[in-house]
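This report covers the chain as a whole, one helix, one pocket and one pair of residues. Please look over the model before reading on.

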Amino acid sequence: MKKIKELICAFRYAPKLFRLIYKTDKLYLFYLLCETLCFALLPFPSAFLVKYAFDALEGNAPFSRFAVICVALILSVFLMGVLKSFFNSIRPGRTSLVVGKLYNEFHKKSMEMDYELLAEKETQELQSFGGVFIKQMLSRTVWNFISLFSSLIAFIISCILMSNIHILLIGATLLGLLLNSCLSMIFTSVQTKLDGKIVLIDRHIKYFEEAATGESAAKDIRIFQMSKPMKVKSESYVKDVFKLHRLKKRYANINGFLSHLNSHGMDFMIYAILGYSVLRHELSIGSFSLAISNILLFRSNYQKISSVLVGYLETAKYIDYYNRFLAIKSKFRSTGIEPIDFSRKDSYTIEFRDVSFRYPGKTDYALRHFNLTVHNKEKIAVVGENGAGKSTFVKLLMRLYDPTEGAIFINGTDIKRYDYDQYLSLFAPFFQDYKLFAFTVEENITSFDEASLDSVRIAAEKGGIADRIEQCENGYDTYITKLFDENGIEFSGGEQQKIALARTYFKTDAQITILDEPTSALDARAECRLYQSFNNLIGENTAFFISHRLSSTLFCDKILVIRDQGVCEYGSHEELMAHEGYYCQLFRMQSEYYS
């Protein structure tokens, strides 16, 4: 019953595949349907050609009539063969074209969907399976579709022809095939269980191989003299796998013997029926020949349907994953439509009102009853221990997530009411886990925006990387890494961080700058220069500077201390030091360490 339900579902996915292909490439769908029909109909003209030849010999038919039929059937075989070859030759190219178009849609959806959805397990599964569908399953599903439906069409035609010759032929042939299928299901079930055990043991063997040949465990294996016991343990797993493979082969041999016995028994029954009909002159020699051809086609198509159906069941469900992934709606883009007044550069006030937040799927709060007001052009240092909620605060401000409770306001307006894409354009962030791409330096700095070389150079100078880039042979056209260009440069960690900072400074139209641990990979000289020129680099933007190094707080207007998921202290360095609270303790601890 379960298999029948899976089969019904698999056939329900076929219209989804048709709609997807039709939407992507209408001509490709036409080619697939034509190729399916060619595969299904190609064997039958040859079978009828033999039948008419025997009938002509037996009945002394006029040569002219026989010649016309032969020529027509031979031409049809030739035409369908040419068409099949034509469609078969162009399918891979059209498939690649469709895959490319679907990949573009898939990647566009992945890059534009709500950031918070990326953390959800269901989204991750749909994204993963949707990618597998395009990369691997689409071409396999298309081929399975052609094989399955062409075999089904041919199977139905064979049934009709066989029933016209002798009704018992269908029953006898089906009986033999069903018995073979039952035997196959029984033994396949046993072999599947054995395969599961083999996979489990293979995993252990693979682990031993990686540990023995890899560099990561080499020191421990030698120092603790683990090579001999590991070799003994590995050999025991190899012996277990050998035993399981031998048992699997034994079951396969038994299955083959019983299937062979069943097939010959059914053949005897079928030939007895046909021979009896010929002897009683109820069946002509031509019809006898056609019956034999159809029985062979009937069996071939039945077996092909059975084997392809397994692959079709496996691949067809991925169509649904892909469609469901593309159907995910953006909550963030659907909530806000109010435009942002970019002319009001001198009046940006940010306010967190009793904001609480927990990440999707989590029970603990990352921020709790968080209240804060930041005025325009203020430079805020954000400090706190690991896990206090500093990065969460920034993600909420940039609306990568929405608060679980409470709200965030800019100029008294809930940020959810603003147009989402316009709202994102307010920010020029540097993320702690920044990402550079295997594109040119210029493309990384500009994020593919059209810009003059002077503006790119200015951003690079602010990031402290201009001299290094201009030393490269290709300058700002230098590729980062050698992935796409053998002359690409593998920049050091500090150099990469400077390029990422240049990307932040290049976004001159942004009005809120966020720097999350921007000096973690910088040397002492580069860090000092960033501190000294901080105000010039930031300009008149409101800025948030997140760092574990409390020396960064000295050049900021105010310090936000986050502790226990809330605002612990907020004020200038002098005010907080005079208060002698938590910030004062942290600052004195670090200053004593440096002293």
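## Helix 16: length

The expected span of a helix is 1.5 Å times one less than its number of residues. The model here is predicted. Helix 16 has 14 residues, so its span should be 20 Å at 1.5 Å a residue. The C-alpha atoms at its ends are 20 Å apart, in agreement with that value.

## Helix 16: burial

Is helix 16 mostly covered or mostly uncovered? It is mostly covered, with 11 of its 14 residues buried. Among them are Gly 494, Glu 495, Gln 497 and Lys 498. Ile 499, Ala 500, Leu 501 and Ala 502 are also buried. Thr 504, Tyr 505 and Phe 506 are buried too.

Thr 504 belongs to helix 16. Buried means under 20% relative accessible area. Thr 504 has 5% relative accessibility, so it counts as buried. Which residues does Thr 504 touch, leaving aside its neighbours within four places in sequence? The contacts are Ala 428, Pro 429, Phe 430, Thr 513 and Leu 515.

## The largest pocket

The largest pocket holds about 1800 Å³ of space. Its lining is made up of 44 residues. Nearest its centre lie Leu 424, Pro 429, Phe 431, Ser 447 and Lys 507.

Several elements give two or more residues to this lining. The helices are helix 4 (63-112), helix 11 (390-397), helix 12 (420-424), helix 13 (441-446) and helix 16 (493-506). The strands are strand 6 (427-430) and strand 7 (512-516). By residue class, the lining divides into 22 nonpolar, nine polar and 13 charged. Pro 429 appears twice in this account: Pro 429 is in contact with Thr 504, and Pro 429 is among the residues nearest the pocket centre.

## Tyr 312 in helix 9

Tyr 312 sits in helix 9 (residues 285-326). Its relative accessibility is 0%, so Tyr 312 counts as buried. Tyr 312 is paired here with Phe 145, 167 residues apart in sequence. In space, C-alpha to C-alpha, Tyr 312 and Phe 145 are 7.0 Å apart.

## The whole chain

The protein chain contains 20 helices and 10 strands. Of its 595 residues, 42% are buried. The accessible surface of the chain is about 32900 Å². Carbon and sulfur atoms account for 58% of that surface.

How do the contacts divide by sequence separation? Take the contacts between residues at least 6 apart in sequence: 74% of these join residues at least 24 apart.

Methods
Residues are numbered from 1 along each chain as its sequence is written. This is a predicted model: local features need pLDDT of at least 70, side-chain atom pairs count only at pLDDT 80 or more; totals for chains, interfaces and linings use all residues. Side-chain values use heavy atoms; hydrogens and water are left out. On a 1 Å grid over the protein atoms alone, a cavity is a set of points where a 1.4 Å probe fits but cannot get out, and a pocket is an open set with protein on both sides within 12 Å along at least five of seven lines; lining residues have an atom within 4 Å of a point. Grid points are joined across faces, edges and corners, and a volume is the space filled by probe spheres set on the points. Helices (H or I, at least four residues) and strands (E, at least two) are DSSP runs, numbered from the N terminus. Ala, Val, Leu, Ile, Met, Phe, Trp, Tyr, Cys and Pro count as nonpolar, Asp, Glu, Lys and Arg as charged, and the others, Gly among them, as polar. Buried means under 20% relative accessible area, exposed over 50%, partly exposed in between (1.4 Å probe, protein chains only). Contact means heavy atoms within 4.5 Å. Accessible areas come from the Shrake-Rupley method with a 1.4 Å probe; for residues, only the protein chains shown count as cover.
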